[in-house]
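Open the model in your viewer and keep the selection tool at hand. The tour moves from one selection to the next and says what is found at each stop.

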Amino acid sequence: MTQSDIQTIVTQSGKELKVHTQLFINNEFVPGNGPLIEDINPSTEEVICKVHSATEEDVNTAVEAAHTAYKKVWSKVAPAERGVLLNKLADLMERDQEELAMLEAIDNGKAVSVARDEDIAGCIGCYRYFAGWADKIHGKVIDTAPEQHIYTRHEALGVVGAIIPWNYPLMMGAWKFAPALAAGNAVVMKTSELTPLSAYKFATLIKEAGFPPGVVNIITGYGHITGSALAAHPRVSKMAFTGSTGTGRKVMEASSTSNLKKLQLELGGKSAQLVFADADLKHAAQQAAAGIYNNHGQNCNAGSRIFVHESVAKEFIDLFTEQAKAVKVGCPFKEDTFQGPQVSKAQFDKIMEYIKIGQDEGATLHFGGKRVGDKGYFIQPTVFTNCNNNMRLMREEIFGPVVAIGTFSGGWEEAVELANDSDYGLAAGVYTSDHSTAIKASNALLAGSVWVNCYDLFNNSVPFGGYKQSGFGKELGKYALLEYLQVKSVITLIDW
Amino acid sequence: MTGSTYITDFKTDRGYELKLNTGLFINNEFVGGDSQIETINPATGKVIAKVEAAGEKEVNAAVDAAEKAFEEVWSKVTPQKRRDYMLKLASLIDRDHEELSQIESLDNGKGISLSRGFDVRELSECIRYYAGWTDKIHGKVIETEGVLSYTRHEPIGVCGAIIPWNFPLLMFAWKLAPALATGNCVVIKTSEMTPLSALKVASLVKEAEFPPGVVNIITGYGHTTGDLLARHKKVGKIAFTGSTAVGRLVMKAAAESNLKKVTLELGGKSPNIIFDDADLELAIKWSFRGVFFNHGQTCCAGTRIYVQEGIYDKFLEKFKAHTQNTPIGHPHDESTFQGPQISQTQYDRIMGYIDSGKEEGATVALGGKRWGNEGYYVEPTIFTDVKEDMKIMKEEIFGPVACVTKFKDEEEAIRLANDSNYGLASAIFSESNKRCIEVSKRIKAGTVWVNCVNVLHANTPFGGFKESGIGRENGEYALDNYTQVKVVKMATTMSP
């Protein structure tokens, strides 16, 4: 299947951009052996361009390139130099921030302003954060007996595979690339075939920054072809996956039947936000709304269940609905747009189906619930009330701008029990002005991130990752480094 | 008096033109002092320029500026922003690498290829290394019954530093970088013998747009300016590098004033032990570097060379031959390895030690005289037939003077090496794995080099045992010097 690498595309704002569409292996763009995949613009439902896809053979090529690069070059590069390259990469992303934002917006549907000021700004910070770790990866010296000399080395794994989703294309890339590269690994990353374009622009910056060929390889393709080949590859020492819990199981299975590669899974969630009677309700409504409507609800840690104390439920729901009403839904290329379209028809259909299910189950459709416009996958910010944990609306991940609100009448223990009643455990929110409630609730919640009087507050130095079936392993912070290292103990006997 | 009054033009002896502001750098401005000090070109004995020196009024102004900057601005700047300021400074240093190298060689006398290849390069790398730490300074959360206990690693506030003349920029970096990274504001007193290169960095601090008062750079005599800083009640910590004798005074000043925290990097008389199973060629090259690098003006110089009797004669013959070829010359000549000593006083002191060595009965195997007719040059000197109780074996000479003697076995070598009030560094040359590990365990020194000498890294600690000092610089360890630990224990009002 051939198509020349560079294609010209036009954004909704009329700007022409040149994009790469071939696979990025060994610092070059090369054709893939798979079929050309149509990349759809979710705002217009039209084809942006076609991109090459990778078969198992291409995956092998990419993995071999990474392996050779690691063995012959990258493993010999000084740690501080790895940091210099990552900082240089961050500088280049800053230089090309606007173009990267436009690619993100046309492909994913998120607003350009959000892509630029949150996604890509977050990426830049993430690369700079991990650049600083490169020369600070310490083993330990452990004293045992005078005749022994013992220490640990924290070594790179070698070739790391990553499969990332479409909801935050560049940022999910950064969360994997940054610690993997800082720790000294070479990487083969499969992007989502729904959002392949921004990563290829990023690839040109990898080359410009001076990373040796083969250290970073970026390919795309269908999960069941490209993804599964990567997940099963015997020369990939670790797989980092972000996506649905269903696909996460398949990745884990592939590891178990191939080479028992190390795993890190960032999966789904049905995170609960708890609003107590003593909360600042206006503030809580603002934060909680952002917690579900950020990124059009396409957020693994979306606060999609809200439990509010019955004594303040009406007031809170009114305030919350005001927030939902104020959400500006529109074209990603308009500067004041907050919410663009959902990423694809399949996602759109799934969300609309859940809106119907919610009504069938007896929840109250309090606000929204309909499509916006007749072109593009736009859905109104939607509020369901009178929900309970028995409903599918409250158990299953919808991945859209749909919140399910229920109430509780007792104290923090009841609220926490409602929140914990889920197979997921990615995040949680607690809104209270009481010091003890904040501590006790956050101690008891079974969630990897607990936000107190806020939601979705991220920092590159703070770890993120789920409890229970939301996955295992941490991204961001020092904790993320451990995911990309293996520990070797060296035990020397010096006297005998 | 405006800052522009202190702008001075001058040239190196090879015609490189320089322009510097020679005022005191306080609150991002160059201001006058209460007196002026002449800084001398050690290659010619002539005055390079006059710099403003700080009296009590100016020291107070600098400390007040640092305190105000800390309370009102710097303590509110995010760790990420601190990092960005430091990276910007490092970039500017890289941009002006040549100019900084020229100033360093002019003021200190070290060879230009060394200023360029070592001093200025290390300045930049040190700042980049610590820029990477700003957002990684973690407290702990400690499980305690009924109480949420956590620690904060907080900055001290205003940190003072008194730095020497032997590696002006390097010593500046070792203090500035960890202090800033941990969130402190600084007042650094440079040596009145080498004030110029830091003044160039001062202009870069301003260009990097550090908030005024975060970095203050002053100079003056130790017994006046240094003493004022060491006993200032608003300075929470003093970091000193210099002689052991002055280190005692700094500690005393801290004790008499506000019990400020003290770290000291003092003198040394480091042993270099060469076993008969050493790679002889390697041992000679490294031993030479160990004692003659920087004209012997290095706190960790390997000035006592212990050679196992089996290879003593061979070692001495080759060591003499190697040392005879030392490229001595003008600091601004590219091939110069050894330039002049820093001052007339130092020169006299070194010659005094050489005389005492002769008087006490040691043999001058090489050198022992002045070199040339201009500048404070001393020939690379090797003493043999030394006894342990000779002044040249016990006291720090701080010049290009090596004492070479023999030992019988491992036990004797370790005993002799440890027989010193100092304990800064040491080196071992041997091909035996067992011996290298065992001996390195038993030497009482802060650094043990094995089959190398004077190899420093920004990310490994450096500091002395015994009277060579207190505390460690570089690596993660230095962060502790500039932070104080606060534990917060939050009890909840509800029953557990």
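Begin between two domains of chain B. Domain 1 (7-266 + 470-485) and domain 2 (271-458) of chain B both contribute lining residues to the largest cavity, so this cavity lies between them. Bear in mind that this is a predicted model.

Now select the lining itself. On one side of the list are Phe118(B), Phe167(B), Leu170(B), Met171(B) and Trp174(B), and the lining also includes Phe293(B), Thr298(B), Cys299(B), Cys300(B), Asn454(B), Leu456(B) and Phe462(B). The volume enclosed is about 100 Å³. Colour the lining by class: ten residues are nonpolar, two are polar and none is charged. Then select helix H5 (residues 168-181) of chain B, which gives the most to this lining, with three residues.

Stay on chain B and turn to the second largest pocket, with a volume of about 950 Å³. Its lining has 42 residues, and those closest to the centre are Trp165(B), Phe240(B), Gly242(B), Ser243(B) and Val246(B). Select strand E10 (185-191), helix H7 (222-230), strand E12 (237-241), helix H8 (244-256) and helix H11 (344-359) of chain B to see the elements that give two or more residues to the lining. Which of them gives the most? That is H8(B), with eight residues. By class, the lining of this pocket has 19 nonpolar, 13 polar and ten charged residues. The second largest pocket also lies between domain 1 and domain 2 of chain B, because both give residues to its lining.

For a wider view, select residues 34-488 of chain B, where UniProt, in an unreviewed entry, places the feature "domain: Aldehyde dehydrogenase". Over this range the chain is 41% helix and 21% strand, and the end C-alpha atoms are 45 Å apart.

Next, move to chain A and the second largest cavity, which holds about 90 Å³ of space. Of its 16 lining residues, Arg305(A), Ala419(A), Gly425(A), Ala427(A) and Leu446(A) lie nearest the centre. Helix H13 (412-420), strand E18 (424-425) and strand E19 (427-431) of chain A each supply at least two residues of the lining. Nine of the lining residues are nonpolar, four polar and three charged. In total, the structure holds nine cavities of 30 Å³ or more.

Last, select His296(A), in the loop between helix H9 (281-293) and strand E14 (305-309) of chain A. Is His296(A) buried or exposed? His296(A) counts as buried because its relative accessibility is 1%, and buried means under 20%. Its side chain reaches the backbone oxygen of Pro341(A) at 2.8 Å.

Note on methods: Residues are numbered from 1 along each chain as its sequence is written. Chains are lettered from A and ligands numbered from 1 in the order in which they are written. This is a predicted model: local features need pLDDT of at least 70, side-chain atom pairs count only at pLDDT 80 or more; totals for chains, interfaces and linings use all residues. Side-chain values use heavy atoms; hydrogens and water are left out. UniProt positions are given in the numbering used here, feature names are shortened, and annotations may be inferred rather than shown by experiment. Helices (H or I, at least four residues) and strands (E, at least two) are DSSP runs, numbered from the N terminus. On a 1 Å grid over the protein atoms alone, a cavity is a set of points where a 1.4 Å probe fits but cannot get out, and a pocket is an open set with protein on both sides within 12 Å along at least five of seven lines; lining residues have an atom within 4 Å of a point. Grid points are joined across faces, edges and corners, and a volume is the space filled by probe spheres set on the points. Ala, Val, Leu, Ile, Met, Phe, Trp, Tyr, Cys and Pro count as nonpolar, Asp, Glu, Lys and Arg as charged, and the others, Gly among them, as polar. Domain bounds come from an automatic or database domain assignment. Buried means under 20% relative accessible area, exposed over 50%, partly exposed in between (1.4 Å probe, protein chains only). A polar contact is a pair of N or O atoms within 3.5 Å; within protein, one must be able to donate a hydrogen and the other to accept it, and residues adjacent in sequence count only if both atoms are side-chain atoms.
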